[in-house]
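Colleague: I would like to learn how to read a model like this one. Please take me through it feature by feature.

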Protein chains: 2
Amino acid sequence: MYVKKITPSLNCGLDLVGEVLYGKWKIRILWFIHEGNRRPSELQRKIPDVTRRVLNVQLKELQDHEMVTKTIYPVMPPKVEYELTAFGKTLIPLIQSIGLWGDEHQERLRRVILSQNKLSSARPEEAYDVDEPTRALLPF
Amino acid sequence: MYVKKITPSLNCGLDLVGEVLYGKWKIRILWFIHEGNRRPSELQRKIPDVTRRVLNVQLKELQDHEMVTKTIYPVMPPKVEYELTAFGKTLIPLIQSIGLWGDEHQERLRRVILSQNKLSSARPEEAYDVDEPTRALLPF
DNA sequence: AGCAATACGGATAAGTTTGTCCCTATTTGA
DNA sequence: TCAAATAGGGACAAACTTATCCGTATTGCT
């Protein structure tokens with residue numbers, strides 16, 4: 001496991017939140033668990049872009065940060081379930097607000113992100129299909 | 001300037017927010033500008049841990065993302081001021097909520113962050129039991 | 001017998017962000 | 001005259017995160 005060499009600054013609330021929410025997929029992992037996707041394989045189907053390896057790593061960190069619990073059922077084939085802790089649940093309204101803000105401003109955000117020169121050209125454009133109908137009302 | 005090789009996924013609102021808010025100092029930069037610290041030197045005094053170099057880089061990104069504007073006064077010594085755009089201001093309530101959540105839970109957050117083994121050594125003991133009772137059941 | 005599904009993680013590579021070091025310039029004040 | 005304040009940025013190094021590739025194991029279906 002990677003060990004940090006630089007101690008993070010933990011001066012204010014924002015720093016602290018950063019520490020537990022930083023991670024490319026963490027917020028969405030929390031959201032999908034909140035939606036009832038408890039098993040790793042379900043989560044991976046919901047977030048196809050994440051690899052299983054990284055999904056495991058980030059779930060482990062969420063666990064260490066007491067955002068989720070993990071239950072391993074000693075059956076074969078293996079079965080594992082994650083759940084939000086009470087603490088983790090207190091984050092859900094925040095995540096929802098963030099997602100809603102992103103949705104409200106999605107055209108503008110997409111524009112400023114794509115027109116920024118940090119992206120390497122050649123976007124295959126229109127890769128996406130976006131949302132499953134059940135998700136239409138939610139931040140995604 | 002660094003150019004990304006991997007196109008980020010921009011499927012949902014949360015992805016989009018991630019793109020513009022990701023960055024170790026960005027949220028705090030926005031907050032301090034909101035509080036009236038407009039000049040780079042003021043911002044650096046507010047966030048001593050960030051280097052000037054990185055502060056400039058992140059300010060530039062916020063500018064590209066239309067979160068802040070930059071005004072250069074042609075005087076000597078140089079004078080520069082940043083301000084939130086109307087768009088940037090719509091983020092402030094969100095940032096405030098996040099910070100408040102972090103403040104409310106700061107003891108717990110500090111504990112789980114510090115007791116986590118990703119931090120390099122030398123934290124004054126405090127064993128930390130964080131039981132993983134279910135773990136023992138499977139051979140992994 | 002072979003393969004998919006379930007799940008985990010070490011070693012290593014690639015990608016990305018952040019930090020360090022150095023250079024540019026002018027004015028004011030010690 | 002020299003230091004400090006103001007602001008910017010190129011080249012590079014270090015730190016950190018994420019991805020790839022492999023290996024472990026069992027059950028059940030074809």
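**DNA contacts and helix packing**

Modeller: Start at the DNA: a polar side-chain atom of Arg39(B) is 3.0 Å from a sugar or linking oxygen of DNA strand D. A polar contact is a pair of N or O atoms within 3.5 Å; within protein, one must be able to donate a hydrogen and the other to accept it, and residues adjacent in sequence count only if both atoms are side-chain atoms. This is a predicted model: local features need pLDDT of at least 70, side-chain atom pairs count only at pLDDT 80 or more, and totals for chains, interfaces and linings use all residues. Side-chain values use heavy atoms, leaving out hydrogens and water.

Colleague: Which phosphate oxygen distance involves Ser41(B)?

Modeller: A polar side-chain atom of Ser41(B) sits 2.7 Å from a phosphate oxygen of DNA strand D. In chain A, an N or O atom in the side chain of Trp25(A) is 3.3 Å from a phosphate oxygen of that strand.

Colleague: How many residues surround DNA strand D?

Modeller: A residue is near a strand if one of its heavy atoms lies within 4 Å of it. Here 25 residues surround DNA strand D, and the closest are Lys5(A), Lys24(A), Gln58(A), Ser41(B) and Lys70(B). Of the strand's atoms within 4 Å of the protein, 79% belong to sugar or phosphate; the rest belong to bases.

Colleague: What is the class make-up of that surface?

Modeller: Ala, Val, Leu, Ile, Met, Phe, Trp, Tyr, Cys and Pro count as nonpolar, Asp, Glu, Lys and Arg as charged, and the others, Gly among them, as polar. The surface near DNA strand D has 10 nonpolar, 5 polar and 10 charged residues.

Colleague: Now the helices. At what angle do H6(A) and H6(B) pack?

Modeller: Helices are DSSP runs (H or I, at least four residues), numbered from the N terminus. Axes are lines fitted to C-alpha atoms over the stretch in contact, and angles run from 0 to 180 degrees between N-to-C directions. H6(A) and H6(B), residues 92–104 of chain B, pack at about 165 degrees with axes 10 Å apart. That makes the two helices, H6(A) and H6(B), roughly antiparallel (over 145 degrees).

Colleague: Which residues make the contact?

Modeller: Contact means heavy atoms within 4.5 Å. Leu94(A), Ser97(A), Ile98(A) and Trp101(A) meet Leu94(B), Ser97(B), Ile98(B) and Trp101(B). By class, this contact has 6 nonpolar, 2 polar and no charged residues.

Colleague: Where does H2(A) meet H6(A)?

Modeller: Ile27(A), Leu30(A), Trp31(A) and His34(A) of H2(A) meet Ile92(A), Ile95(A) and Gln96(A) of H6(A).

How values were computed:
Residues numbered from 1 in each chain as written. Chains lettered and ligands numbered in written order. Parallel < 35°, antiparallel > 145°, perpendicular 65-115°, else oblique.
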